[in-house]
Amino acid sequence: MADFHIKALELARAGNWDGSHELVQDYNDEFSCLIHGYLHRVEGDEFNARYWYTRAGTSMPANSPEQELARLESLVRGNG
């Protein structure tokens, strides 16, 4: 994963939606799209979240946003 992925997740964990979104919004790699989808779930925009998960090649997960953040953090650490 790229450093900006790690930073985006750190910002998301800290509740800085805007900062995290700003880091990933211009990237189209799979992991950026996953983060982007997660952020839109947190925002409450499920339509946009589904779009970004689809761009990542998956469907929006049925887990909670908190569980999804933990899953993404695990992936970025290489534990997923």
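A residue is called buried when its relative accessible area is under 20%, exposed when over 50%, and partly exposed in between, with a 1.4 Å probe and protein chains only. By that rule E73 is buried, at a relative accessible area of 14%. The structure is a predicted model, in which local features need pLDDT of at least 70 and side-chain atom pairs count only at pLDDT 80 or more, whereas totals for chains, interfaces and linings use all residues. Residues are numbered from 1 along each chain as its sequence is written, and side-chain values use heavy atoms, with hydrogens and water left out.

Salt bridges make a convenient place to begin. The term stands for a side-chain nitrogen of Lys or Arg within 4 Å of a carboxyl oxygen of Asp or Glu, and the count comes to three salt bridges. In one of them, the side chains of R13 and E73 meet at 2.6 Å, N to O. This pair links distant parts of the chain, with R13 in helix α1 and E73 in helix α5 (residues 65-76), 60 residues apart. Helices here are DSSP runs (H or I, at least four residues), as are strands (E, at least two), and the numbering starts from the N terminus.

Helix α5 also holds the salt bridge of E68 with R71, whose closest N and O atoms are 2.7 Å apart. What separates E68 and R71 along helix α5? About one helical turn lies between them, because the two are three residues apart in that helix. Their surroundings can be set side by side: E68 is buried, at 0% relative accessibility, while R71 is partly exposed, at 34%.

A further salt bridge joins the side chains of R50 and E46, at 3.2 Å from N to O. Both belong to helix α4 (residues 46-55), and they are separated by about one helical turn because they are four residues apart. R50 is partly exposed, with a relative accessible area of 43%, and for E46, also partly exposed, the value is 43%.

Aromatic contacts come next. A pair of aromatic rings is described by the distance of the centres and the angle of the planes. Rings of Phe, Tyr and Trp (its six-membered ring) pair if their centres lie within 6.5 Å; planes under 30 degrees apart count as stacked, over 60 as edge-to-face and the rest as tilted. Under this rule there are two aromatic pairs. The rings of F4 and Y27 are stacked, because their centres are 4.1 Å apart and their planes stand at 20°. Here too distant parts of the chain are linked: F4 sits in helix α1 (residues 3-13) and Y27 in the loop between α2 and α3 (30-43), with their positions 23 residues apart. Y27 is partly exposed, at a relative accessible area of 38%. Y51 and W52, by contrast, form an edge-to-face pair, with 5.1 Å from centre to centre and 85° between the planes. Within this pair, Y51 is partly exposed at 40% relative accessibility, and W52 is buried at 10%.

On the surface, D18, E22, D26 and E43 gather in a patch of negative charge. Such patches are made of residues with over 30% relative accessible area and no salt bridge, like charges being joined within 9 Å and nonpolar side chains (Val, Leu, Ile, Met, Phe, Trp, Tyr) within 5 Å. One member, E22, is placed in helix α2 (residues 17-24) and counts as exposed, at 59% relative accessibility.

Three C-alpha separations complete the picture. D3, in helix α1, is exposed at 66% relative accessibility. How far apart are the C-alpha atoms of D3 and V76, which are 73 residues apart along the chain? The C-alpha atoms of D3 and V76 are separated by 9.6 Å. L11 also lies in helix α1 and counts as buried, at 16% relative accessibility. Between the C-alpha atoms of L11 and E30, which are 19 residues apart along the chain, the separation is 19 Å. Finally, G37 lies in helix α3 and is buried, with a relative accessible area of 0%. The C-alpha atom of G37 is 9.6 Å from that of F47, the two residues being 10 apart along the chain.

Technical notes. Accessible areas come from the Shrake-Rupley method with a 1.4 Å probe; for residues, only the protein chains shown count as cover. Lys and Arg count as positive and Asp and Glu as negative; His and the chain ends are not counted. The place of a charge is taken as NZ of Lys, CZ of Arg, CG of Asp or CD of Glu.
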